[in-house]
2 protein chains.
Amino acid sequence: MPLEERLGADIKRVEHELMAVKQAAVRPAGLTVAQYSALLVLAEQPGVSAAELARRCRVTPQTMTTILRNLEAADLIRREPHELHRNVLETRLTEAGRKAFEAADERASAVERALAAEFSEQERDQLRALLGRCSKVLNSQPRD
Amino acid sequence: MPLEERLGADIKRVEHELMAVKQAAVRPAGLTVAQYSALLVLAEQPGVSAAELARRCRVTPQTMTTILRNLEAADLIRREPHELHRNVLETRLTEAGRKAFEAADERASAVERALAAEFSEQERDQLRALLGRCSKVLNSQPRD
DNA sequence: ACAAAGTAATCAGTACTCTGATGCTCGTCA
DNA sequence: TGACGAGCATCAGAGTACTGATTACTTTGT
C-alpha cells in the first residue's frame, strides 16, 4: 500500500504539527506538553489520584508517575496521602503550579481557538464525526 | 476553553489509538512503530542518508541516529560510507531487515486498509481536506 | 583561493512512554 | 475471619524524542 494513500500518515502528520505548536506554546511557562496536560486535569479536579490522571491523560500509570515526579521536583504540585485510602496519594497544584498552568493555558488555548476559528460549526462537527469513525475502526482492530 | 471543545483532543485521541493498534501490528515482527517507519522508507529508497530518513519520518536527525543504532544492533540494516560524499552514511536493509519489514508491513497495511474501507472515496477526500486545513492553521502559528 | 553557509553525523543530557514485575491496601464474599 | 481479586503506586529497563553543542565535509560566494 503506497504511503500517500495511508490515512494514518495524514492523522500522524497533523498530530505531529499540533504537538510542535503546543510545545512552543507551553515552553515559555517552563512546561512540557505532557506536564501541561496533567496540570490541566489537576486544575479541574484537585486531589485526583495518579491512576485517574493517567487515564484522563491517556498514558500508563508508570508514565504518569514519571511526569508527576518531575512536576513535584519543580514544586508545581504537592502529593499527600488520602484521608481514608492510605494507599492513594492525592495530588494538588501548588501556587507556583497554578501560575505556570495559567500562563501555559493562555497560549495553549489560543492554539485551540485558532484551530476552531478555521471551521464553521458544521465543518467542526463533520471533522469530529469522521475522526470518530476512525476511532470506531481502530478500536475494533485486534490488539493481540 | 473546555476540554471537550478542543479539536486537538480528538486528533490526539485518534492518533493515540492508531499508534496502539500499529504497535500491536508490528510487534510480532520484533519491531517498534518508529523502526517500522524507518524500514518502510528504506525499503522504498535504499541507500538513503540518516538525515533524509529523519525528514521522511518526521523526527530529528538525533532521534533517527538512535533508531538506526538499534536497527543496526539487531542486524536489520547495514550502513556504509557514501562513494563520493565521505561525510554521508548510506543505509540499506539486510536480508533479515527485509523479512522483518515485510512481516510487519503485511499487518500494518491491514490496519490502513481497514481504515480506508470505513470511508467512501468522497469521505476520505473530505477527511483529508479537513485535516489539511488543520495543518494550514497549525503551520501558520508562531513557533517562537 | 578562502571564508561563509549549509548539510551530515553524533555526543550529552533530559523527558516521555511503554512493557513487565512487585508490593501495598481495600472491599468482597465464602 | 481470612483468602482473594481489584485498584494504586512504583521500580527496572528499553526505546523514542527533544534541545543544545560539536565536528567534519561540501558548496557557494566573493
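Reader: Which helices of chain A and chain B each supply at least two residues of the surface near DNA strand C?

Author: Glad to start there. In this predicted model, the helices are α2 (33-44) and α4 (61-73) of chain A, together with α3 (50-56) and α4 (61-73) of chain B. The most comes from α4(A), which gives five residues.

Reader: What makes a residue count as near DNA strand C?

Author: The C-beta atom, placed from the backbone, has to lie within 6 Å of the strand. There are 23 residues around DNA strand C, and those that come nearest are A:Thr32, A:Ala34, A:Thr66, A:Asn87 and B:Ala50. By class, this surface has 13 polar residues, eight nonpolar and two charged.

Reader: How many residues of each chain are in contact where chain B touches chain A?

Author: 40 residues of chain B are in contact with 40 residues of chain A. On the chain B side, α1 (7-26), α5 (95-117) and α6 (121-139) each supply at least two residues. That side divides into 17 nonpolar, 16 charged and seven polar residues.

Reader: How do you know that the copies meet through the same surface?

Author: Of the interface residues of chain B, 100% are also interface residues in chain A, so the same surface is used by the copies.

Reader: And why is the relation between chain A and chain B called that of a two-fold axis?

Author: Two copies of a chain are related by a rotation about an axis and a shift along it. Here a rotation of 180° with 0.0 Å of shift along its axis superposes chain B on chain A, with an RMSD of 0.1 Å. That is the relation of a two-fold axis.

Reader: What is the phi of A:Asp75, and why is A:Asp75 called exposed?

Author: A:Asp75 has a positive phi of about 60°, although it is not a glycine. Most residues other than glycine have a negative phi. A:Asp75 sits in the loop between α4 and β1 (77-81) of chain A. A residue is exposed if 12 or fewer other C-beta atoms lie within 10 Å of its own; A:Asp75 has 12 such neighbours, so it counts as exposed.

Reader: Why does B:Arg58 count as partly exposed?

Author: B:Arg58 has 14 C-beta neighbours inside 10 Å. Exposed requires 12 or fewer and buried requires 20 or more, so B:Arg58 is partly exposed. Its place is in the loop between α3 and α4 of chain B, and its phi is near 60°, a positive value in a residue other than glycine.

Technical notes. Residues are numbered from 1 along each chain as its sequence is written. Chains are lettered from A and ligands numbered from 1 in the order in which they are written. This is a predicted model: local features need pLDDT of at least 70, side-chain atom pairs count only at pLDDT 80 or more; totals for chains, interfaces and linings use all residues. Helices (H or I, at least four residues) and strands (E, at least two) are DSSP runs, numbered from the N terminus. Ala, Val, Leu, Ile, Met, Phe, Trp, Tyr, Cys and Pro count as nonpolar, Asp, Glu, Lys and Arg as charged, and the others, Gly among them, as polar. Two residues are in contact if their C-beta atoms, placed from the backbone, lie within 7 Å. Copies are superposed by least squares on the C-alpha atoms of residues with pLDDT of at least 70 in both.
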